[in-house]
Amino acid sequence: MTEQAAVLSADDHLDIHDVQRRVKAIFIGSVGNLVEWYDFYAYTAFALYFAPAFFPNSDPVVQQLNAAVLFAATFLVRPLGGWLFGYIADHHGRRLSLTLSVVCMCFGSLIIAVTPTYASIGLAAPAILALARVIEGLSLGGEYGASATYLSEVADAKHRGFYSSFQYVTLIGGQLTAIIVLLLLQKIFLTPEELKAWGWRIPFVIGAALAIIAAVMRRNLHETEAFEEAKKVVKPTGSILGLLHYPRELLLVVGLTAGGTAAFYTFTTYMQTFVRLSVGLTEDQTTFVIFGTLVFATILQPIYGAISDRIGRKPVLIFFGVVGTLATVPILTELKASKSPLMAFVLICAAWIFTAGYTSINAVVKAELFPTKIRAMGVGIPYSITVSIFGGTAPAIALYFKSLGHEEWFYYYLSGIILLSLIIYSTMRDTKHESAMHRHE
């Protein structure tokens, strides 16, 4: 073998090893993300069963509204989680932050699993439930920024959009897992009466156990090269004041998130309630329709991520903004009138065709806005604030309009929020071509 061939062979070996290392890191990071979001969305998947136990009321719409308000309230602490875990990630490493966040989620899920009902301890029951959701909100507030940062940094520059899209693959995968658990309990293991009496606790026990496994796996993650290099050349700021040196980037995160997060929580969290109470599908039909649309959404994420690696992030975001603004009202209007499981499935999938334009690449776009020393906080805090305002409130706002007898008002509200984000997409730089991923200052 010639010397040149030997060197070439060694380079090939190193390349293969590097790819394997990156894929392993992305897999472990993504599995932890899936577990976190499973724990969080088990609340939504089983709300129809446990809401009467915590919010006694004869009107099912009011029960679901109370559950949705609590869902929205937990988002208020997500900015605090974004700061806390972002500080840990920027000072002590992405790995430690990701591990601690999933441990925090474990505690929240376990508390829900063992909380007595309203009939047993009165108002203390929803109060304890709220505490558990606050803990989970803190965890997710930190998970997003640290996870987006880790996946973006561990991916190679040419395929960063594709690899980073797996954050939402696993995020939606967490919802799918929650629905699978629901189906198994509904169809195989428990009767409807058992589910409403005590069976709704099982998914939270499962979530706590999975979180422990994910924490152990994350302890073995390797730290990103970007973080290690940044430690050598610059000291992380790790403070809110440090973030204020990047006002334009912070405002960009808020603007590009608002419409996307409102759409995401509408077509995931709220859809289960919408097709059950507004479209009029049965519980079984609701579960299968939502499951099928989430599978479709999962498939779209890496496709759109790969497209962004070729044509840029900005065109994909603009596609979401334009189509989302124009199509949201017609889709939701037709969906409510359809009364058909098949038509509901088709229409929600149609909504995902444009919503995936945001979900697939929003994490990498935010990560590409900030230098290494402040990246986790820069992504996590403004994102969490925006999600608290526009994402977590979406189900509650929709149900409030429904309780007033004007559910269609929400359709226009959502379309308007997407339009506002479209303005940001049209004026911002394309982070694929003007990225800050290489900057450590």
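Glycine 242 sits in helix H13 (residues 240-243); helices here are DSSP runs of H or I with at least four residues, numbered from the N terminus. With a relative accessibility of 5%, glycine 242 counts as buried, a word that stands for under 20% relative accessible area with a 1.4 Å probe and protein chains only. From phenylalanine 189 it is 53 residues away in sequence and 53 Å away in space, C-alpha to C-alpha.

A word on the model: it is predicted, with local features needing pLDDT of at least 70, side-chain atom pairs counting only at pLDDT 80 or more, and totals for chains, interfaces and linings using all residues. Residues are numbered from 1 along each chain as its sequence is written, and side-chain values use heavy atoms, with hydrogens and water left out.

Now move to glutamate 407, in the loop between helix H20 (394-404) and helix H21 (408-427). Glutamate 407 is buried too, at 3% relative accessibility. Leaving aside residues up to four places away in sequence, glutamate 407 touches Tyr270, Phe274, Ser278, Lys336, Phe401 and Lys402, where contact means heavy atoms within 4.5 Å.

Next, look at helix H15 (residues 283-311) and helix H16 (residues 313-338), whose axes come within 7 Å and cross at roughly 130 degrees. The axes are lines fitted to C-alpha atoms over the stretch in contact, and angles run from 0 to 180 degrees between N-to-C directions. That crossing makes H15 oblique to H16, since angles under 35 degrees count as roughly parallel, over 145 as roughly antiparallel, 65 to 115 as roughly perpendicular and the rest as oblique. H15 brings Tyr304, Ile307, Ser308, Asp309 and Ile311 to the contact, while H16 brings Arg313, Pro315, Val316 and Phe319.

Finally, the empty spaces. There are four cavities of 30 Å³ or more; a cavity is a set of points on a 1 Å grid over the protein atoms alone where a 1.4 Å probe fits but cannot get out, while a pocket is an open set with protein on both sides within 12 Å along at least five of seven lines. The second largest cavity holds about 80 Å³, a volume being the space filled by probe spheres set on the points, which are joined across faces, edges and corners. Its lining residues (an atom within 4 Å of a point) include Tyr41, Gln175, Thr268 and Ile290. The largest pocket has a volume of about 230 Å³. Of its 17 lining residues, Arg22, Glu153, Ala155, Glu225 and Ala226 lie nearest the centre.

Definitions and conventions:
Helices (H or I, at least four residues) and strands (E, at least two) are DSSP runs, numbered from the N terminus. Buried means under 20% relative accessible area, exposed over 50%, partly exposed in between (1.4 Å probe, protein chains only).
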